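Subject: The structure I promised you

Hi! Here is the structure we talked about, with its sequence alongside. Have a look around, and then read on for what turned up.

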Amino acid sequence: MKLIVTEKPSVAKDIARVLNINRSRDGYIESQDYRITWCVGHLIQLSYPEEYDPKYKSWNVNDLPIFPRQFKYMVNPSTEKQYEIVKRLMLDDSIDEIICATDAGREGQLIFGYVYVNAGCNKPVRRLWISSMTDEAILEGFKDLKDNKEYFALYQSAKARSEADWLVGINATRLFTVKYNQMLTIGRVQTPTLSLIVSRQKEIDEFVSQPFYEVAADCEMFTATWFNKDGTRIDDLEKAEEIAARCQNKEATVTKLQTKRATVERPLLYDLTELQRDGNRRYGYSAEQTLDAAQNLYEKYKLATYPRTDSRYLTKDMKSKLTDILQNIKQGWKGSEYCVDKVLKQKINADKRVIDDSKVTDHHAIIVTPNIRTVSNIKLPEREENILRLIVARFIAVLDRKQEFDQTDIELKIESDKFKARGKKVVIPGWKEIEDIMLGKVKEDSEDKEITTNLNLNDKIMPKEVKVVTKKTSPPKPYTEATLLTAMETAGKQIEDEKLREEMKSIGLGTPATRAGIIEKLISVGYIKRNKKNLVPTQNGIQLIEIVHEKLKKPDLTGEWESELGKIAQKKASSKDFIVDIKKYVAEIIKEGKLSSAKNVSFESTGSKKKSNAVGICPRCGREVYESKKNFFCTGYKNFPSCKFSIWKNDKVLENNGISLTSKDVQELLKNKETAVKATKEGQEIDLTLKMADNGYRIDFTIENKEHTSWMQEVQ
């Protein structure tokens with residue numbers, strides 16, 4: 001019998017349905033040939049410092065740095081029951097082979113690897129590696145299972161990432177928390193990201209706007225601007241007025257008239273980061289909102305491929321499928337007919353910007369699945385529909401032609417002064433037409449107007465007016481999620497060129513899969529906040545960057561580490577060497593922190609969640625539990641590692657059974673591990689007893705002799 005291990009119950013149910021595994025058991029499903037179970041995220045995590053030595057329960061700078069000789073692991077208290085089920089199934093004598101079906105990426109490999117190793121299992125493992133959750137993709141994937149040993153280097157990379165984050169987070173967080181008597185969370189990727197936002201805010205705050213001037217000649221059909229070898233900008237108002245005065249009411253001679261054909265290349269397909277950027281630019285969605293929508297399109301609706309990809313290309317074996325995908329889009333997506341027909345009538349442009357095996361590692365770019373042909377029958381939530389619209393539009397657009405336009409440059413001479421103008425006329429709309437039809441036209445900041453004139457070289461024209469235009473220098477713009485994602489992708493380097501940015505990916509801050517979480521963590525701990533579309537640092541965030549060691553906030557150093565992790569996954573670098581370097585780095589941070597005197601800073605209390613009286617003590621970590629508008633949460637969510645205990649007020653299992661938890665109910669539940677509540681079923685009130693597991697991972701109750709379990713959800 002084979003055991004399939006997935007990352008989430010929903011994925012297990014999909015695979016079970018496709019493989020006809022239909023007998024439900026406690027924590028797994030089985031058939032004659034298969035058993036399938038799930039991990040519910042990370043079942044195993046790195047142990048807290050006190051598991052190595054009880055003295056670490058107290059935070060003391062003199063105990064730092066903490067470098068375990070060998071890392072220990074612990075079962076995640078919130079999902080202990082499920083871990084025991086997975087472990088028992090792995091070790092069951094009837095199981096002769098295990099199939100790893102966790103998410104096909106670095107973290108998915110780690111989730112399975114940690115469980116497999118800690119369970120003491122040594123049975124052969126094969127790997128399901130698929131990029132979409134359609135029935136066809138699942139069946140195809142099971143026909144082409146890989147030896148899990150092929151992914152051992154990916155596991156080593158994920159394990160090194162996990163250990164590096166522990167070493168930096170545990171040591172730096174304890175150092176600065178004790179030193180400043182304030183809970184200060186430090187992270188390997190989180191702190192350099194915060195540094196980018198704080199640095200940008202500093203540039204804005206210190207910026208002093210300066211006026212400058214241009215001289216413009218209104219020639220009716222176009223406006224020409226004065227220029228010299230230094231450009232068009234004039235710093236002295238008197239000089240600008242002098243130029244305008246001597247050119248006023250003077251004839252202009254056309255000294256240059258040149259029209260040349262230029263092109264705008266198509267964009268690349270979406271990876272997660274680019275999709276998040278466009279989700280933010282077009283709809284104002286946060287990176288996390290876009291990721292959640294894309295994950296739902298992949299997992300729940302099966303309309304898009306695996307979202308947590310860092311590739312923007314397809315493989316050559318997919319080239320023959322492009323026509324079918326376009327036809328499926330035409331069949332299912334209303335309003336795409338003209339765009340699809342346009343691309344199909346001309347030759348599909350599947351060049352190196354679309355098909356490139358060398359640029360695809362774990363997963364290809366995000367595209368639609370064949371199920372797109374039935375999308376008109378599905379009522380999608382607004383956010384999922386908008387994100388899918390982006391994916392559909394981008395797929396069609398990249399297969400179209402470049403946009404072509406005629407660029408006209410004109411130079412005039414008035415007396416001894418030179419003026420210039422530029423305009424463009426679109427000749428072949430190409431891919432831009434598809435984007436405009438599918439998504440709506442977006443006004444570009446520096447859009448050159450079309451110049452329509454019958455001028456010839458050496459023609460004379462009389463400008464209607466020559467005047468001084470007053471302008472002023474502008475400060476840098478605050479980061480939006482779109483621009484911050486770009487900065488994270490390039491480790492803070494300002495790179496606009498899309499192709500060059502692609503090449504810089506390996507040295508970015510975090511990965512496409514983790515960047516949204518990093519932004520949300522910075523907000524949750526009170527270091528940054530959203531101001532409309534902008535991300536701005538709080539006083540606490542600014543002060544944290546002032547006190548931390550220079551190396552802790554260097555984006556390029558963290559980017560180098562991310563590059564090393566990529567090399568480990570490709571068997572080009574050693575995970576042991578990587579951890580040695582991380583330890584040297586941490587030792588230097590701690591040494592400098594112990595020697596330097598504390599700066600005179602005062603951190604504000606971060607009470608984004610209103611703290612009234614605590615409702616009880618967290619069963620997982622012993623800290624206080626408070627009530628917010630949406631949930632009852634543990635204050636340990638700010639610690640590292642964070643405690644994610646939370647009871648959500650809109651818990652579906654409780655809601656579906658007519659149970660509404662009050663503050664008094666939760667207070668009694670935390671204190672006595674059980675509480676009596678009233679439930680409403682079919683208009684009738686019934687008395688129930690809710691019982692909480694000692695370590696707070698589930699609530700159990702019985703209705704009409706049927707047992708129900710609500711698994712504790714985690715703080716978002």
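One definition before the tour: helices here are DSSP runs of H or I with at least four residues, strands are DSSP runs of E with at least two, and both are numbered from the N terminus. With that in hand you can place Pro65, which sits in the loop between strand S5 (44-46) and strand S6 (73-75). Keep in mind as you read that this is a predicted model. Pro65 is worth a click, by the way: the peptide bond leading from Leu64 to Pro65 is cis, and its omega is near 0°.

Now the inside. Nonpolar side chains tend to be buried together in soluble globular proteins. In this model, the largest nonpolar core holds 83 residues. If you want to find its best-connected members, go to Met90, Ile98, Phe176, Leu544, Ile547, Leu552 and Phe578, which have the most contacts inside it. Which helix gives the most to this core? That is helix H5 (residues 152-180), with 12 residues. Phe176 is a good place to zoom in: setting aside neighbours within four places in sequence, its contacts are Gln182, Leu184, Ile186, Ile547, Val548, His549 and Leu552. There is also a second, separate core of 45 residues, with Tyr301, Leu314, Cys339 and Leu380 among them.

Stay with H5 for a moment, as Arg161 is in that helix too. Is Arg161 buried or exposed? Its relative accessibility is 15%, and buried means under 20%, so Arg161 counts as buried. Beyond the residues up to four places away in sequence, Arg161 touches Arg106, Glu107, Leu110, Arg188 and Leu565.

Next, helix H16 (residues 515-524). Its buried residues are Arg515, Ala516, Ile518, Ile519, Glu520 and Leu522. Several elements help to cover them, including helix H6 (190-206), helix H8 (272-283), helix H9 (287-299), helix H14 (481-489), strand S18 (528-531) and strand S19 (534-537). Just past the end of H16 you reach Gly526, with a positive phi of about 85°.

Two of those covering helices also meet each other. The axes of H6 and H14 come within 11 Å and cross at roughly 125°, which makes H6 oblique to H14. The crossing is right-handed. On the H6 side the contact is made by Thr193, Leu196 and Ile197, and on the H14 side by Leu484, Ala487 and Met488.

On to the sheets. Strands of a sheet pair through backbone hydrogen bonds, either parallel or antiparallel. One sheet here is open and has seven strands, in the order S15-S12-S13-S14-S11-S10-S16, with antiparallel pairing. S15 and strand S16 (465-472) are at its edges with a single partner strand each, so each has one side without a neighbour in the sheet. Within this sheet, strand S12 (residues 252-264) and strand S13 (residues 403-414) run antiparallel and are joined by 11 bridges. To see one bridge up close, find Gln258 and its partner in S13, Asp409. Helix H7 (residues 237-247) lies across strand S10 (211-218), strand S11 (223-227), S13, strand S14 (417-428) and S16, and runs at about 160° to S16.

Another open sheet has four strands in the order S24-S25-S26-S27, again with antiparallel pairing. Why is one side of strand S24 (674-681) and of strand S27 (706-711) left without a neighbour in the sheet? Both stand at the edges with a single partner strand each, so nothing in the sheet pairs with that side. On average, neighbouring strands in this sheet are turned by 30° against each other, direction ignored. S24 and strand S25 (residues 684-692) pair over eight bridges, and in S25 the partner of Ala679 is Ile686. Helix H21 (residues 663-672) packs on this sheet, touching S24, S25 and strand S26 (698-703), and its direction makes about 140° with that of S24.

Last, two loop residues with a backbone quirk:

- Asn458 is in the loop between helix H13 (431-439) and strand S15 (460-461). Its phi is near 75°, a positive value in a residue other than glycine, and with a relative accessible area of 55% it is exposed.
- Lys532 is in the loop between S18 and S19. Its phi is also positive, about 60°, although it is not a glycine, and with a relative accessible area of 81% it is exposed.

Happy exploring!

Methods:
Residues numbered from 1 in each chain as written. Predicted model: local features only at pLDDT ≥ 70, side-chain atom pairs only at ≥ 80, totals over all residues. Heavy atoms only, no water. Core = buried A, V, L, I, M, F, W, Y, C linked by side-chain atoms within 4.5 Å. Buried < 20%, exposed > 50% of the residue type's maximum accessible area, 1.4 Å probe, protein only. Contact = heavy atoms within 4.5 Å. Pairing = 2+ DSSP bridges. Axes fitted to C-alpha atoms, helices over the stretch in contact; angles between N-to-C directions. Parallel < 35°, antiparallel > 145°, perpendicular 65-115°, else oblique. Left-handed = near helix turned anticlockwise from the far one by under 90°.
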